[in-house]
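Please look at the sequence and the model together, and follow one loop, the strands around it and a pocket in turn.

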Amino acid sequence: MKENESPSLATLTKANLVLGKLLTQAENQDKDENQLKEELDGIIDKIKKAQVGAADKTLEEVCGDMSDIPKIPLRTKKILKGHLSKVTAVHYCGDNRHLVSGSLDGKLIIWDTWSGNKVRIIPLQSSWVMTASYSPSGNFVACGGMDNMCTVYDVNTRDSTGIAKIRREMMGFEGFLSCCRFLDDNKLITGSADMKIMLWDLETGVKDAEYNGHAGDVISMSLHPDKTSFVTGSVDRSIKLWDIRDGECKQTFWGHESDVNSVCFHSSGYYFGTGSDDKTSRLFDIRADQQIGLYQTPSNKSGFTSCGLSTSGRVIMCGSDDSAVHTWDTLKAKHNGCLTGHENRVTSLSMPDNGMAVVTGSWDSSVRVWN
C-alpha cells in the first residue's frame, strides 16, 4: 500500500476480524483469571476454617493467667546521621556490632553501632536501593533495588578509586530486587518483583537454584537459624516456607489480607513473626502449621513495614507508617507501647543475634539504635 493510499474495505474487514478475535481472547483470559481467583479465595477460606477447627484454644486463652510483662525500657542510644535521603534498609552483621544501611541517596553506609561512627561509605551505581544485607562473617555486603540487579561488595578490598570493590553483579531479574540474604560468604538468596526467588553461587556468579510458587512480588525474607530453610512474604498475601536443599515449598501460611512486608524467624526456628499492610502483625507456628497470634495497635490506622522478635520470643516489634515502632506481648496479644523518635515512616528494622539492641531506618534519613 502506498503512503497516501487509503486502506481497502477488505483490508479493514480483515483487521476488524483480527481485532475482534484478540479482544475475545483477552475477555476470556480475564474471565479465566477471575474464575481462578474466586476458586483460590474459596480454597484459602476452607484452609482457614479447617485450621480454626483444629485449634482447640487460642494463645491468649492458654496464657491468660500469666502476669503482664513490664513496659519495655528501650531508649534511643545512638542516632546515626549521614544519609541525605530516605533510609530503606538496615541489616546487622553477624558480629552483633556492625550494621549496613541503604538509602535513596545512592549510598551504603557501614556503621559501628557501639561508637556511632561510620566505618565505610560505599557509593552505588543506582540510588534506588530497596534492600541491603550483611554477610554473617562481615566480609561482604549486598544490595539491590530498582536497577533490577544485585551487587555484592567486598568490604575489606578497595578498587583503584578507593571504593569497596565489587565482587559480583547478578543480573537477569525481570522486576526490582526486594530482599536478599547471605547464607555464607559464597551463597546468597534473592527475592524480586518478578515473583522469583533465587540461590546464587557468588564464586561463579551462577544461579544454583530457583524457587517458584508465589503469585505476586516477593517482598520479604528471613532465614531459619540453621540456614537449611527460609520464609518469604509476598504481595499475594501468603508466607511460604522453603527448603534450601531440595528447593521445595514445604508450607504455605495464610491469614494476612494484604501485602506481607516483613517476616522474621525467632532464634528457636519454630515460629516467625510478620508485618503487613493490613495493619496487623501476626505470629505463625511451623509445628501448628497456622497462625497463633494476632497483634493490632489501639488505633489500628497504620500498616507495618518491618518486624523483629526478641530473643525470649515474648516481645514482637513492628516498624510502622506512623513513624513509631509498636511492641506487643506475644503470649497475651497486648499492645505494650511504642518506641518514638523518628519523624517519618519507619521502613526497616534489624536485631542482632544476641538480642541486645534494635536498629531502625526511616524516611527521616536517620538510623536509630535502641538499647
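The side chain of Thr297 reaches the backbone nitrogen of Asn300 at 2.9 Å, a polar contact in the sense of a pair of N or O atoms within 3.5 Å, where within protein one must be able to donate a hydrogen and the other to accept it, and where residues adjacent in sequence count only if both atoms are side-chain atoms. This is a predicted model, in which local features need pLDDT of at least 70 and side-chain atom pairs count only at pLDDT 80 or more, while totals for chains, interfaces and linings use all residues. Residues are numbered from 1 along each chain as its sequence is written, and side-chain values use heavy atoms, with hydrogens and water left out.

Thr297 belongs to the loop between strand 21 (290-295) and strand 22 (304-309), strands being DSSP runs of E with at least two residues, numbered from the N terminus. With a relative accessible area of 8%, Thr297 is buried, that is, under 20% with a 1.4 Å probe and protein chains only. Neighbours within four places in sequence aside, Thr297 is in contact with Phe304, His326, Trp328 and His335, contact meaning heavy atoms within 4.5 Å.

Strand 22, which follows this loop, is largely enclosed by the rest of the structure, because six of its six residues are buried. Strand 22 pairs with strand 23 (residues 315-320) in the antiparallel sense over five bridges, where pairing requires that DSSP finds at least two bridges. Within this pairing Leu309 stands opposite Ile316 of strand 23, and in the hairpin, which has five residues between the strands, Gly313 takes a positive phi near 85°.

Terms used:
Helices (H or I, at least four residues) and strands (E, at least two) are DSSP runs, numbered from the N terminus. Buried means under 20% relative accessible area, exposed over 50%, partly exposed in between (1.4 Å probe, protein chains only).
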